[in-house]
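User: Please take a close look at the metal site of this model and at the secondary structure that surrounds it. I would like one connected account, with the cut-offs behind each term stated.

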Amino acid sequence: MQTIFDTIKKVAIKIDHAIKTEDLGYSDSENSSGEDQLKLDVKSDYIIEEAFQDISIVKALVSEEKEGILALHEEGNYTICYDPLDGSSLADVNLSVGSIFGIYEGELKGENLVASAYVVYGPRIELVLAVKDEKPQHYRAQDGLFNFISEITLDEKGKLNAPGGTQQNWADSHKTFVDGLFAEGYRLRYSGGMVPDLHQILLKGGGIFSYPGTTDKPNGKLRQLFEVIPFAFIYEQAGGQAINNKGMRLMELVPAHPHDTSPCFFGSNYEVAALKTAYGIKN
Ligand code: AHG
Ligand code: MN
Ligand code: MN
């Protein structure tokens with residue numbers, strides 16, 4: 001796994017440079033989710049594919065920016081599912097963006113995730129790495145090297161509320177839940193970038209990020225393999241919870257297609273319990 005993490009560190013430095021120096025415009029293509037691709041999406045995807053293609057333990061790659069599975073090494077153990085540039089549409093307004101990596105062994109489903117990582121490209125480049133049975137580890141880059149900062153632990157109850165999705169398309173129960181937290185004094189912290197939004201809650205002691213099913217996107221917007229499950233792993237390892245609108249652990253998701261999405265809620269225990277009550281979830 002260390003080889004994979006070291007490669008992610010190298011990729012992070014290269015993508016950060018690309019964000020700071022390359023064209024922020026749109027390419028003339030779409031990804032598998034029907035979203036217009038930025039030149040930076042395509043470039044970031046290329047940087048990652050090039051970095052992993054000669055690593056023999058990597059069996060295959062699945063990218064947000066490509067339709068299918070890219071086979072690399074038959075004898076490899078790990079399939080890396082990644083979002084090369086999450087929140088990429090924020091780059092041209094100079095907000096933080098990120099990369100997300102889910103490392104799977106065997107069939108591509110939540111319970112086969114063995115590690116995950118994300119990079120935040122902000123005022124500094126920051127990295128979080130997570131493996132089983134350990135707290136997530138937070139690193140910050142300085143002169144191209146990543147220095148360990150601390151382990152990440154979520155408080156039982158936080159102060160931040162990151163409500164995603166178009167509000168007019170929320171179910172009434174979700175609106176009641178979100179407004180209830182604000183009535184308790186929670187602060188709105190939502191940039192539209194999943195990586196910085198979830199990173200902030202992890203580092204500021206807790207709260208909840210929600211991207212529910214909506215009338216326009218009944219299965220939510222965020223992709224299971226390379227957005228939802230990797231963060232669910234990190235939130236659970238940090239002592240929080242990550243569930244869908246039925247109360248199912250997101251780590252139990254089994255996507256039928258590499259780009260399947262899921263309603264998703266990531267947070268501290270108090271806020272997830274409040275969500276379950278609002279959604280009438282008993283367990
Ligand atoms: P991506 O840029 O990889 O397509 O991801 C964007 C996602 C995610 O970063 C964020 O949480 C979500 O889009 C925001 O969606 P809304 O603008 O609908 O809130
Ligand atoms: Mn994304
Ligand atoms: Mn993306």
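Analyst: The account below begins with the metal ions and then moves outward to the helices, the sheet and the loops.

This is a predicted model, in which local features need pLDDT of at least 70 and side-chain atom pairs count only at pLDDT 80 or more, while totals for chains, interfaces and linings use all residues. Residues are numbered from 1 along each chain as its sequence is written, chains are lettered from A and ligands numbered from 1 in the order in which they are written, and side-chain values use heavy atoms, with hydrogens and water left out.

**The metal site**

The manganese ion (ligand 2) has as its protein donors Asp83 (OD), Asp86 (OD) and Glu227 (OE), which lie 1.9 to 2.0 Å from the ion. Donors are N, O and S atoms within 2.8 Å of the metal (3.2 Å for Na, K and Ca); water is not among the atoms, so sites may look incomplete. Along the chain, the donors of this ion follow the spacing D-x2-D-x140-E. Distant parts of the chain are thereby linked: Asp86 is in strand β5 and Glu227 in helix α5, 141 residues apart. Helices (H or I, at least four residues) and strands (E, at least two) are DSSP runs, numbered from the N terminus. Both Asp86 and Glu227 are buried, where buried means under 20% relative accessible area, exposed over 50%, and partly exposed in between (1.4 Å probe, protein chains only).

The manganese ion (ligand 3) is coordinated at 2.1 to 2.4 Å by Glu64 (OE), Asp83 (OD) and Leu85 (O). The donor residues of ligand 3 are spaced E-x18-D-x1-L in sequence. Asp83 bridges the two manganese ions, ligand 3 and ligand 2, which lie 3.6 Å apart. Asp83 has a relative accessible area of 0% and is therefore buried; Leu85, at 1%, is buried as well.

**Helices α4 and α5**

Helix α5, which carries Glu227, is mostly covered, with 13 of its 14 residues buried. Helix α4 (residues 194-203) packs with helix α5 (residues 224-237) at an angle of about 10 degrees, the axes being 12 Å apart. Axes are lines fitted to C-alpha atoms, for helices over the stretch in contact, and angles run from 0 to 180 degrees between N-to-C directions. The angle makes α4 roughly parallel to α5, given that angles under 35 degrees count as roughly parallel, over 145 as roughly antiparallel, 65 to 115 as roughly perpendicular and the rest as oblique. From α4, the contact is made by Met194, Val195, Leu198, Ile201 and Leu202, and from α5 by Glu227, Val228, Phe231, Ile234 and Tyr235; contact means heavy atoms within 4.5 Å. By class, this contact has 9 nonpolar, no polar and 1 charged residues. Here Ala, Val, Leu, Ile, Met, Phe, Trp, Tyr, Cys and Pro count as nonpolar, Asp, Glu, Lys and Arg as charged, and the others, Gly among them, as polar. Just after α5, Gly239 takes a positive phi of about 95 degrees.

**The sheet**

An open sheet is formed by 8 strands in the order β4-β3-β5-β6-β7-β8-β9-β10, with mixed pairing. The edge strands, each paired on one side only, are β4 (69-71) and β10 (145-151); two strands pair if DSSP finds at least two bridges between them. From one strand to the next, the twist averages 20 degrees. Strands β6 (residues 97-105) and β7 (residues 113-121) pair in the antiparallel sense over 8 bridges, and the bridge partner of Gly98 in β7 is Val120. Helix α1 (residues 2-21) packs on the sheet and touches β3 (58-63), β5 (78-86), β6, β7, β8 (125-131), β9 (137-142) and β10, its direction making about 25 degrees with that of β7. Helix α4 lies across β5, β6, β7, β8 and β9 and runs at about 100 degrees to β7.

**A helix residue and two loops**

Asp45 lies in helix α2 (residues 39-52) and counts as buried because its relative accessibility is 6%. Beyond its neighbours within four places in sequence, Asp45 is in contact with Ser63, Glu65, Lys66, Tyr82 and Pro84.

Asn94, in the loop between β5 and β6, has a phi near 60 degrees, a positive value in a residue other than glycine. Asn94 is exposed, with a relative accessible area of 70%. In the loop between β9 and β10 is Asp143, whose phi is near 50 degrees, again positive in a residue other than glycine. Asp143 is exposed, at a relative accessible area of 75%.
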